[in-house]
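Good morning, everyone, and thank you for making the time. Please have the sequence and the model open while I talk, and stop me whenever something is unclear.

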Amino acid sequence: MATVLTIYGSPSVPSRTDGVLSHVDRRLIAAGHQVRPLVLRELPAAALLAGDTENADIAAAVDLVADADAVVIGTPVFKAAYSGLTKVFLDLLPQFAFQGKAVLPVVTGGSPAHVLAVDYALRPVLTSLGAAHVGQGWFVLGDHVRLFPDGGVLLDPAASGPLYEVTDAFLRHLDATSARRLTVAAASSSEEQIRVRAVQIGDPALRPLLADLVVEYGTRYGRPSANTELTEVPITDFEAPNGAFLVLTQGTETIAGGALRRKDDRTAEVKRVWTAHPHRRRGLARRVIAELERTAAELGYSQVYLTTGPRQPEARNLYLAAGYAPQFDLTADPESIGPLPFTKTLAAVPLQRVDGRAELAGARR
Ligand SMILES: Cc1cc2nc3c(=O)[nH]c(=O)nc-3n(C[C@H](O)[C@H](O)[C@H](O)COP(=O)(O)O)c2cc1C
């Protein structure tokens, strides 16, 4: 476990940079690291501008840098470079304050014209401060960050995909052992067959799914919750004869999954549909839905119900494409509705079960 200091370098409230950084922080925490936020705009302005390291708050901030194993630094692009707030803080640090530390730079900006500000402006300063490793940073376009008044943040896939990749690379740097494991798993699994299996709630194959959903829901809905145990519903809801938890695996890697639980005698509810980031845009979520529908039919259900959150546009599109009927006004602002319900009638229940799926079926009949 590493202690990571996240430096929040925007003077604005609310701040898109803060939104992006909060998502990165959630991922670091989910990976088991300790994250300490340092919000520069909350430091005493006069002491900051004067570079007064005798000031107690400034001294404490400098100590946070010294104590960290790694640093995430986020700033908006102002006038083609980093914010002045970020620079005044960096200026009062000792010459080699980042010595021995890995640093991940994250930038938000209004114009793609300044996408390289990470590399031509911020990176040289970090190197000059002695950073042992400056990770592949990322520039997020402000228009790709939607902030909600409750603290939720919705990142456009054009931003969340690459941000996921650079954060992953940073995490791998922080934990070389797990990096090797993940890289080998990804490389060896790419050619392997995709397998579908039903798992119990405590199965290790579910861990990546549950951990990533906590990050996603936490970011989008501004929730502090770490409900990795799905305690909002009894876990027996996800077991036969009521329901099931399915995972798609490739080699040793869990690449997608989803769950079913009983809503009423005729209706199964779909929950927790998820695809691992590196495997998105491969049609895996559609495959999960199809497998869940088949399983629901095997368990004796004749229809499927689900809700998706108002801040999950990709899920909404997925269910529409998979033939689900929206039970809400598609033209309304999803924020004004809340959870978005969908239903789908299943094809006739097959009389003969598919080999290997017998453990899911039977008890409801
Ligand atoms: C004073 C000022 C200067 C800016 N200069 C640039 C710029 O040169 N290039 C750019 O891409 N965006 C520029 N922007 C836009 C911000 O970088 C962008 O809105 C950013 O997402 C704001 O982040 P924040 O909400 O965390 O403060 C500027 C914004 C302000 C307020």
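Let me begin with a term: a cavity here is a set of grid points where a 1.4 Å probe fits but cannot get out, and a residue counts as lining the cavity if it has an atom within 4 Å of one of those points. I should also say at once that what you are looking at is a predicted model.

With that rule, the count comes to one cavity of 30 Å³ or more, and the largest cavity has a volume of about 60 Å³. Which residues line the largest cavity? They are His23, Val153, Leu154, Leu155, Ser160, Glu216, Thr219, Arg220 and His277, and the elements that contribute two or more residues to this lining are β8, residues 153–155, and α8, residues 207–221. Sorted by class, the lining holds three nonpolar, four polar and two charged residues.

Staying with helix α8 for a moment, Tyr217 lies in that helix, and its C-alpha atom is separated by 9.9 Å from the C-alpha atom of Leu154, although the two residues are 63 residues apart along the chain. If we leave aside the neighbours within four places in sequence, Tyr217 is in contact with Gly222, Arg223, Arg272 and Gln312.

Now to the packing of helices. In general, two packed helices are described by the angle between their axes and by the distance between the axes.

Take helix α1, residues 16–30, and helix α6, residues 157–174, whose axes come within 11 Å and cross at roughly 40°, and which are therefore oblique to each other. The contact is made on the α1 side by Val20, His23, Val24, Arg27 and Leu28, and on the α6 side by Leu163, Tyr164, Thr167, Asp168, Phe170, Leu171 and Leu174. By class, that contact has eight nonpolar, two polar and two charged residues, and α1 passes α6 in a right-handed crossing. You may recognise His23, which was named among the residues lining the largest cavity.

My last pair is helix α9, residues 284–298, and helix α10, residues 313–321, which pack at an angle of about 55° with their axes 11 Å apart, and that angle makes α9 oblique to α10. Here Ala285, Arg286 and Ile289 in α9 meet Leu318, Tyr319 and Ala321 in α10, and the residues of this contact divide into five nonpolar, no polar and one charged. The crossing of α9 and α10 is right-handed.

How values were computed: Residues are numbered from 1 along each chain as its sequence is written. This is a predicted model: local features need pLDDT of at least 70, side-chain atom pairs count only at pLDDT 80 or more; totals for chains, interfaces and linings use all residues. Side-chain values use heavy atoms; hydrogens and water are left out. Axes are lines fitted to C-alpha atoms, for helices over the stretch in contact, and angles run from 0 to 180 degrees between N-to-C directions. Helices (H or I, at least four residues) and strands (E, at least two) are DSSP runs, numbered from the N terminus. Angles under 35 degrees count as roughly parallel, over 145 as roughly antiparallel, 65 to 115 as roughly perpendicular and the rest as oblique. A crossing is left-handed if the near helix is turned anticlockwise from the far one by less than a right angle, and right-handed if clockwise. Contact means heavy atoms within 4.5 Å. Ala, Val, Leu, Ile, Met, Phe, Trp, Tyr, Cys and Pro count as nonpolar, Asp, Glu, Lys and Arg as charged, and the others, Gly among them, as polar. On a 1 Å grid over the protein atoms alone, a cavity is a set of points where a 1.4 Å probe fits but cannot get out, and a pocket is an open set with protein on both sides within 12 Å along at least five of seven lines; lining residues have an atom within 4 Å of a point. Grid points are joined across faces, edges and corners, and a volume is the space filled by probe spheres set on the points.
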